[in-house]
Amino acid sequence: MSIWWSLHLRRDAASVPLARRLLLGTMETAGVDPDISYDLSVALTEACANAVEHGGGTAHGGSSGAYRVTAYLDGEKCRIEVADSGPGFPAVVTPPAPAPAPAVASARAERPRPSVRPAPADAEHGRGLCLIQELADHVHIGNKPGRGGAVVSFDKILKWRADAPLMAV
């Protein structure tokens, strides 16, 4: 069983529950365990809220009025991706991984990577990405190469209800 859909949404707060309801409806119809559906819907809500709040601007000529949500239920895994056209995540330069030989090490440069830091305990915002990391099995947080904008994608292994009509076999 494989289900795939993609939404192109306006950066408006009303778009967040629309994406969440579509995901929940898809998973309920397919027969995904409600606890897994809930975790993924909370993670999607956080990713969409971030795109609505921070995904604006016209970085590298991108449109400031929209973002994209894509969901794949494929076999026993669900992958969700939320991409916007904003300025992207701030980069923090991290040293390269140790190289096996000096010649290889000199060829590798330090690469900027998005930074995700937990919010201070008294902050009213800033917990969304950490929450996504806790709810999903695998998370990738990055910037669109060359085009500007942020991309948050996350996976979760699916569990199925006993009566699931579209259960992966």
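Here is a short conversation about salt bridges and the nonpolar core in this predicted model.

Visitor: Why is K156 called buried?
Guide: Its relative accessibility is 10%, and buried means under 20%, so K156 counts as buried.

Visitor: What makes K156 and D39 a salt bridge?
Guide: Their closest N and O atoms are 3.6 Å apart. The cut-off is within 4 Å, so the pair qualifies as a salt bridge. K156 lies in strand β7 and D39 in helix α2, so the bridge ties together parts 117 residues apart in sequence.

Visitor: Why are D155 and R79 described with different words, buried or partly exposed?
Guide: D155 has 6% relative accessibility and counts as buried. R79 has a relative accessible area of 31%; partly exposed covers the range between 20% and 50%, so R79 is partly exposed.

Visitor: How do you know that D155 and R79 form a salt bridge?
Guide: Their side chains meet at 2.6 Å, N to O, and the limit is 4 Å, so the pair is a salt bridge. It ties strand β7 to strand β3, 76 residues apart in sequence. Salt bridges with shared partners also join K77, R79 and D155 into one network.

Visitor: Which residues have the most contacts inside the largest nonpolar core?
Guide: They are L40, L44, Y67, I80, V82 and F154, in a core of 36 residues. Helix α2 gives the largest share, 8 residues.

Visitor: What is L40 in contact with, leaving aside its neighbours within four places in sequence?
Guide: Its partners are L23, M27, C78, I80, F154, K156 and L158.

Notes: Residues numbered from 1 in each chain as written. Predicted model: local features only at pLDDT ≥ 70, side-chain atom pairs only at ≥ 80, totals over all residues. Heavy atoms only, no water. Core = buried A, V, L, I, M, F, W, Y, C linked by side-chain atoms within 4.5 Å. Buried < 20%, exposed > 50% of the residue type's maximum accessible area, 1.4 Å probe, protein only. Helix = DSSP H or I, 4+ residues; strand = E, 2+ residues; numbered from the N terminus. Contact = heavy atoms within 4.5 Å.
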